[in-house]
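Welcome! Let us take a walk through this structure together, one part at a time.

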Amino acid sequence: MLNIFYGDMADAVFNTASYFKYDYADEWITDPFIKEMILDVDSSTVLDSGVIDSPILGKIPPVQLSGGVKTLILVKFHTDRVFNASTCGDNCAKWLLKIAEKEDRTINLRHLMNFGKDSFQIRILNTNQIVYSMKELVPIAGEYV
């Protein structure tokens, strides 16, 4: 399940770009799930662990991926940390839910992310409530962001 803490969270990694730069592993980039995610979110194709083909930037290293993709990768592989997912746009929401389908994940949000019209299951840690739709999520999250 995806767990979200809204607002300031003392232990959350706020600067995900710097954390990613010094901590990502090459094998993460060639993971099939990550390759699919990079293609969907950044419209870029992974050529190998060190080269991604971006339609905007050309050939780039992983550290030049969007902030959203870098945060998603960290959420996927660093199960022991909480990351500020406010670096992610709404196009990352479905990927956060997919990552949390198999294992619980906790993220910090400082904005209201749109998780779409389909039902989902998210625990709001601020209140320990489980919500199943944006209609349920918005009033709770709105109290904290």
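Keep in mind as we go that this is a predicted model. A good place to begin is the largest nonpolar core, which has 43 residues. Among its members, L2, L72, I73, F115, I122 and L137 touch the most others. Two or more residues each are given to this core by β1, α2 (26-29), α3 (32-42), α4 (67-77), α5 (93-102), β6 (105-109), β7 and α6 (134-142). The largest share, six residues, is the contribution of α5.

To get a feel for the core, pick out L137. Setting aside neighbours within four places in sequence, L137 is in contact with Y6, L112, M113, F115, F120, I122, I124 and V131.

Next, turn to a pair of helices, α4 and α5. Their axes come within 10 Å and cross at roughly 10 degrees. Angles under 35 degrees count as roughly parallel, and α4 and α5 are therefore roughly parallel to each other. On the α4 side, the contact is made by L72, V75 and K76, while α5 brings W95, L96 and I99. Sorted by class, five residues of this contact are nonpolar, one is charged and none is polar. You have met L72 already, as one of the core residues that touch the most other members.

Now for the strands. Five of them form an open sheet in the order β5-β6-β1-β7-β8, with mixed pairing. At the edges are β5 (83-84) and β8 (129-131), each of which pairs on one side only. In general, strands of a sheet pair through backbone hydrogen bonds, either parallel or antiparallel.

Follow β1 and its partners. On one side, five bridges join β1 to β6, and the two run parallel; here Y6 stands opposite L109 in β6. Three bridges join β1 to β7, again running parallel, with I4 opposite I124 in β7. Farther along the order, β7 (residues 122-124) and β8 run antiparallel and are joined by three bridges. In this pairing, R123 stands opposite I130 in β8.

How many of the five residues of β1 are buried? Four of them are, so this strand is mostly covered, given that buried means under 20% relative accessible area. Look at N3, which lies in β1 (residues 2-6). N3 counts as buried because its relative accessibility is 7%. Not counting residues up to four places away in sequence, N3 touches D104, R105, T106, I107, R123 and L125. Among these is R123, the residue you just saw opposite I130.

How values were computed. Residues are numbered from 1 along each chain as its sequence is written. This is a predicted model: local features need pLDDT of at least 70, side-chain atom pairs count only at pLDDT 80 or more; totals for chains, interfaces and linings use all residues. Side-chain values use heavy atoms; hydrogens and water are left out. Two strands pair if DSSP finds at least two bridges between them. Helices (H or I, at least four residues) and strands (E, at least two) are DSSP runs, numbered from the N terminus. Buried means under 20% relative accessible area, exposed over 50%, partly exposed in between (1.4 Å probe, protein chains only). Contact means heavy atoms within 4.5 Å. A nonpolar core is a set of buried Ala, Val, Leu, Ile, Met, Phe, Trp, Tyr and Cys residues joined through side-chain atoms within 4.5 Å. Axes are lines fitted to C-alpha atoms, for helices over the stretch in contact, and angles run from 0 to 180 degrees between N-to-C directions. Angles under 35 degrees count as roughly parallel, over 145 as roughly antiparallel, 65 to 115 as roughly perpendicular and the rest as oblique. Ala, Val, Leu, Ile, Met, Phe, Trp, Tyr, Cys and Pro count as nonpolar, Asp, Glu, Lys and Arg as charged, and the others, Gly among them, as polar.
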